[in-house]
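Dear colleague,

Please find below the structure that I am handing over to you, together with its sequence. My findings follow directly after it.

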Amino acid sequence: MHPGFVDLLRCPVTQERLSLRVDRESSNGMVERGMLMTQSGREYPIIRGIPRFVSSERYASSFGYEWNRWPRAQFEAENIGRPMEGHTTRMFERITEAHPGRIDGKTIVEFGCGPGRFLDVVRRKGGIAVGVDMSQAVDVARRNFADDSNVLIVQGDVLRPPFARGVFDGGYSIGVLHHTPDPAAGVRALAGVIRQGGWIGVCVYTRGKFYDYASVKRVREAHLRLKRSFGYGPALAYAWLSAGVISPVLQRLKRFAKLKRAVEHLEQNWIVSLGLKDRRWRFLDIFDAITPEIASTHDEEELLSWLGEAGCEDARRTAFCATSATGTAGSAAGSAMPVQCAA
Ligand SMILES: C[S@@+](CC[C@H](N)C(=O)[O-])C[C@H]1O[C@@H](n2cnc3c(N)ncnc32)[C@H](O)[C@@H]1O
């Protein structure tokens, strides 16, 4: 971590400022090992260049596994000349609808950054990118950005963010808050760290769509039962088989008008299948759908009400889907009360 980022950070429990002790520094001045300390005696270690505000992955451990297995599959640079080229950038743009002036030279935070494909978009658009994630994905993200001094990766809980209030020019959370026990609190927490007039973008799973299918829920439940004895083996085997064989066959069968409804019934109730054009993305996304411990689904009205309750003005749906939305942090946002969460 670059030492200049300390001013953005706060104790997630008391909101106190943190002082930095450097134990080991890299040749370009990045802190590799050290400690962040409050005056009241709380301590948060910096390990492998990452400030650590949580000591375990808790309910997000499947993502630690997932992102170590697919560290860069969804990065633009890995997809040049391939079927999903441009997808990550388009997805970011359609969810946040943040024009370049809202990113270039600005400090932007991502809640639940995973390995950092969207932080990479922010960096390429000229932003200073700060990502927080609770899982071991943070180590993957740190490796992905090597020693870029305009990127800060933090291990922490988005429901109790380790940042100063109102410190960012913009912030977003894509595909994350439905994996927490309280997505509305996640929106409040995000709004709380954005300055008044800054932008917010959020995307969560949509009720009635893919992640809500009975097939996805059945396979997810089976995985969570099998995981205790077999780890991720069965889920990997299922995702690999569906991505490589079952999904392509079902997509072809759907082209026949007479079979379309029957295949859709199968997909919605019994077999997890995706039509993405790249087999690697299908493998990753099927695994991602069937392994999380928490996965709730929502609708547009709910998401817009969370943004409103979080003090955002002009909350509105964006082009990506029914549950992607953006808003402007209002006067109440940056001063929002810290969110309550278990433990
Ligand atoms: C599906 S991934 C999305 C990653 C990234 N936004 C993307 O779309 O590439 C969800 C991420 O949310 C993280 N996550 C889940 N609950 C979290 C929490 N309470 N605090 C921080 N990160 C969390 C997981 O570790 C995981 O990396």
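Two strands are taken as paired if DSSP finds at least two bridges between them. One such bridge has V31 in β2 as the partner of E25. Please keep in mind throughout that this is a predicted model.

The sheet

The bridge just named belongs to the pairing of β1 with strand β2 (residues 31–37), which is antiparallel and runs over six bridges. These strands are part of an open sheet of four strands, ordered β1-β2-β3-β4, with antiparallel pairing. Because β1 (19–25) and β4 (50–51) stand at the edges and have a single partner strand each, one side of each is left without a neighbour in the sheet. The protein as a whole has ten helices and eleven strands.

Overall dimensions

How does the radius of gyration of the protein agree with that of a compact globule? For 343 residues, such a globule would have a value near 20 Å, and the protein has 20 Å, so the two agree. Along the principal axes, the C-alpha atoms fill a box of roughly 65 × 40 × 40 Å. Of the 343 residues, 45% count as buried. Among the contacts with a separation of 6 or more, 65% are accounted for by residues 24 or more positions apart.

Domains

The domain assignment gives domain 1 (59–205 + 303–335) and domain 2 (210–290). Taken over C-alpha atoms, the centres of domain 1 and domain 2 are separated by 27 Å. Where the domains touch, eight residues of domain 1 are in contact with ten residues of domain 2. On the side of domain 1 that touches domain 2, six residues are nonpolar, none is polar and two are charged.

The ligand

Which residues come nearest to the ligand? Of the 21 residues around the ligand, these are F63, G112, G114, M134 and S135. Two elements, α3 (117–124) and β6 (128–133), give two or more residues to the shell around the ligand. By class, the shell consists of eleven nonpolar, six polar and four charged residues.

With kind regards

Notes:
Residues numbered from 1 in each chain as written. Predicted model: local features only at pLDDT ≥ 70, side-chain atom pairs only at ≥ 80, totals over all residues. Near = placed C-beta within 6 Å. Nonpolar A, V, L, I, M, F, W, Y, C, P; charged D, E, K, R; others polar. Domains from an automatic or database assignment. Contact = placed C-beta atoms within 7 Å. Rg over C-alpha atoms; globule rule 2.2 N^0.38 Å. Buried ≥ 20, exposed ≤ 12 C-beta atoms within 10 Å, placed from the backbone.
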